[in-house]
Amino acid sequence: MLIQSPVTTPLGLIMLKTTSEELACPREDLSVARKEELRKLLLDQVQTVLGLLTGILETVWDKHSVTAATPPPSPTSGESGDLLSNLLQSPSSAKLLNQPIPILDAESEYVCSLALECLAHLFSWIPLSASITPSLLTTIFHFARFGCDIRARKMASVNGSSQNCVLGQERGRLGVLAMSCINELMSKNCVPMEFEEYLLRMFQQTFYLLQKITKDNNAHTVKSRLEELDESYVEKFTDFLRLFVSVHLRRIESYSQFPVVEFLTLLFKYTFHQPTHEGYFSCLDIWTLFLDYLTSKIKSRLGDKEAVLNRYEDALVLLLTEVLNRIQFRYNQAQLEELDDETLDDDQQTEWQRYLRQSLEVVAKVMELLPTHAFSTLFPVLQDNLDVYLGLQQFVVTSGSGHRLNITAENDCRRLHCSLRDLSSLLQAVGRLAEYFTGDVFAARFSDALTVVERLVKVTLYGSQIKLYNIETAVPSVLKPDLIDVHAQSLAALQAYSHWLAQYCSEAHRQSTQQFVTLISTTMDAVTPLISTKVQDKLLLSACHLLVSLATTVRPVFLISIPSVQKVFNRITDASAQRLVDKAQVLVCRALSNILLLPWPNLPETEQQWPMRSINHASLISALSRDYRNLKPSAVPPQRKMPQDDTKVIIHQTLSVLEDIVENISGESTKSRQICYHSLQESVQVSLALFPAFIHQSDVTDEMLSFFLTLFRGLRVQMGVPFTEQIIQTFLNMFTREQLAESILHEGSTGCRVVEKFLKILQVVVQEPGQVFKPFLPSILSLCMEQVYPIIAERPSPDVKAELFELLFRTLHHNWRYFFKSTVLASVQRGVAEEQMENEPQFSAVMQAFGQSFLQPDIHLFKQNLFYLETLNTKQKLYHKKIFRSTMLFQFVNVLLQVLVHKSHDLLQEEIGIAIYNMASVDFDGFFAAFLPEFLTSCDGVDANQKNVLGRNFKMDRDLPSFTQNVHRLVNDLRYYRLCNDSLPPGTVKL
């Protein structure tokens, strides 16, 4: 009634929107029955409400259209070109959309904005149905045109008054609100058959708007038009395009009357004329979605592959070329220089790195679809920039202090800077494409890949030989980082081809080709000079990573005999040589160890030369651990709180290298692990002897336990049972209650890390199959429940808890028979003979600890422990065991229900509901007859009548969906009753 009277229309619309917000998704101050009733009543009114809103919008539009004076011919009035007639099948719609946009008075704009806000909220919850009529959709689209009507905004600013400017902004806002309505409809994935035609009409009308936005004529470039539009409108429009591609493209593409290629043309113009970087990123995301869609479509319809690709080939090549141009300073310098290359975002990348990465993802996806085109587009561009780089040699002159680059003119330096930045980006692009030359296509694309790899090897060798990283330049702050970056990127790009080189290696093994040998030895000649303390870290680490890939992925037999590799061996084992930075030292040692330990591909066991390699490995490890093995426990008396710094440094440097070597060998063959442990044996024994001396130094203990944890995970079989037992016993003896308390309570995060690593070692121990470590179970459980658990149980901090509960879970999961001695007969006669229970007190204590953890606020621990209980039930039938059923089952159900009632872990509602069902289903009769009445009786804050209603409403359904629905209904209504009762004034008489 209010809406239909012009005077009170705004009030009526505000109340309608409030009704939709408050009653369609009501808060918890209503019972479930009332919520369902309200929703049904609201749905009954939807058609009427939508009719009213359509009427308001149409009336305003028609009234102002009629009164609008005939405008002079404008550049926009003749825009229905061929593309438009393709998009809009009926000429009448095109004509309708080409009408000039009326100029509304302030009151009408206000009413329309309220009506559109109402529609946007209604669309968020009503189902797609015939109530959403074509005339309503057309009207919304009329208003969406306000967002892209630059003329009206221009007129407002020309007429000058501030009121007119505000008017222009308001009109823009109507466009934003209309697009919000459209996007609400677009985001619904489930589309009834009868609504598909409406969708098609919506797309046609939106693409009319897209064409309007990207229409290029003399007065405006597309970019300046986009800059003039309201930023929110452009964002909404981009959201629309994303929803169209991700949700509806597969549905719409099959319509013959929808011209997808023309749509891509418009999207292309829209993407590459975005006024902001964020806008461009969002559009690249849309292209990525489209390319993913195309790739999966081709994989599912391999027969039509050629037809599909031919349809889109031109668009994809155009996209590839433009994206490549956008990452090059040669074509896009002004925009690229605006990008920040220093501040790191949440993903630890700068704005420039994000820009480059997203662009290269698009390039890679096009490469997957059109490999030949992509390669022939990219390689010549790379070649041009490489020629500039390789030509620098002629400008290198010798000066008093070394070599100098004789390019000094400001303009030349700027051009060189741009060319080097582009070369760096293009090298990353070439590296990103490496995966498309391996596998099944290796032979077909061999010559292209060989061309790339030969160029990369040439470039890396050139950089290392003329030492561009140490050269003097006219603008050192700019050109030196550029030269270092290009050199580092060329090494990284070559590293990306290591899988291709590995495949070439196995082919070469069959044909014994000299070409492959030359490639590898030249690469090593480029890498070796860079493994030096005089080289910048960025370049040094790139060289180290490439060396690791050659040793680990490619594994050529002849690698160890190359003179430059032997040079690296000598440098690393020479005690007098200066040590590299930690990270580089670890990588080089890993590479050298892998050269000796990893089996050579395509060779039988007899030709692996294990005896010789074993001797070499032992001497390598011996040299690396020389200082460490000379440390004596007596040199560090336990009463001295601070050991000497140099002792700490030796421990840190040696263990970081040894731990890395073990970690990298842990998944390899038995022979490799045997040799590795044989070389390490003395260092491991030294570590165990030193451990007690450092027990009060949490930073040293932390590193030692990391080393032992890696040993346990990778080499426990090789260490043998007696020594492993000795290690575990030493640890159990050292970690007394006092020591644990000191670590957890007084030493901060390092102390907690020490205890967590100790518990992780025990996790490996309890998972070991067989009987070897079973004797440790009592002391491990005792350590957990009597020493660690009391210290952490009441602490709010999550430290140590997750590891402790994982250890308890693994102990139960892998040692079930320690508690339940199941015999074959008992399992055959399930229900007749109950399993024997052993170690009951320990089992009960563990279960009690799990129960306690559900009363604490840490949601991650809650989720983890609920998952552990459910897993034990799935695998071991935990909830069915007599001890659990008779003494714990309903305690757990009670705790979980209370958690739901208190809303403390609302994110886990679904998981909690399923767990309650799994527990109750063990004894439904007991749940309905005993537990539920008891639970309701114990509930405070509700009266007897309300308790009866709650009990009656909980139906005795025994299927999962109905049962969990009943649980959530009970929880909602219990909270509702408490809320009502709490809000009554004291002394109220309840009927």
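Student: Which residues are buried in H1?
Tutor: Bear in mind this is a predicted model: local features need pLDDT of at least 70 and side-chain atom pairs count only at pLDDT 80 or more, while totals for chains, interfaces and linings use all residues. Residues are numbered from 1 along each chain as its sequence is written, and side-chain values use heavy atoms, with hydrogens and water left out. Helices (H or I, at least four residues) and strands (E, at least two) are DSSP runs numbered from the N terminus, and buried means under 20% relative accessible area, exposed over 50%, and partly exposed in between (1.4 Å probe, protein chains only). By that yardstick, the buried residues of H1 are Thr9, Pro10, Gly12, Leu13, Leu16, Ser20 and Ala24.

Student: Within what arc do the buried residues of H1 fall, seen down its axis?
Tutor: An α-helix has 3.6 residues a turn, so residues three or four places apart point the same way. The arc is taken from the directions from the helix axis to the C-beta atoms. In H1 the buried residues line one face of the helix, because they fall within an arc of 165 degrees.

Student: How far apart are the end C-alpha atoms of H1?
Tutor: The expected span is 1.5 Å times one less than the number of residues. H1 has 16 residues (9-24), which should span 22 Å, and the model agrees, with the end C-alpha atoms apart by 22 Å.

Student: How confident is the model, on average, over the chain?
Tutor: The score here is pLDDT, the predictor's confidence in each residue, from 0 to 100. 88% of the residues score at least 70, but over residues 67-92 the pLDDT is below 50. The chain average is a pLDDT of 84.

Student: Is His248 buried or exposed, and what is its relative accessible area?
Tutor: His248 sits in helix H11 (residues 231-252). Contact means heavy atoms within 4.5 Å, and beyond four places in sequence His248 touches Met186, Lys188, Val191, Leu199, Phe203 and Leu243. His248 is buried, with a relative accessible area of 0%.

Student: The backbone oxygen of which residue lies 2.6 Å from a polar side-chain atom of His248?
Tutor: A polar contact is a pair of N or O atoms within 3.5 Å; within protein, one must be able to donate a hydrogen and the other to accept it, and residues adjacent in sequence count only if both atoms are side-chain atoms. For the side chain of His248, the backbone oxygen at 2.6 Å belongs to Met186.

Student: Which helices do the buried residues of H31 pack against?
Tutor: H31 covers residues 721-734. Its buried residues are Phe723, Thr724, Ile727, Ile728, Thr730, Phe731 and Leu732. They pack against helices H29 (670-690), H30 (698-719), H33 (748-767) and H34 (777-792).

Student: What is the phi of Arg555, roughly?
Tutor: Most residues other than glycine have a negative phi. Arg555 is in the loop between helix H23 (537-554) and helix H24 (563-573), and is buried, with a relative accessible area of 18%. Although Arg555 is not a glycine, its phi is positive, at about 50 degrees.

Student: And Gln348: buried or exposed, and with what relative accessible area?
Tutor: Gln348 also has a positive phi, about 60 degrees, without being a glycine. You'll find Gln348 in the loop between helix H15 (329-338) and helix H16 (351-369). Gln348 is exposed, with a relative accessible area of 57%.
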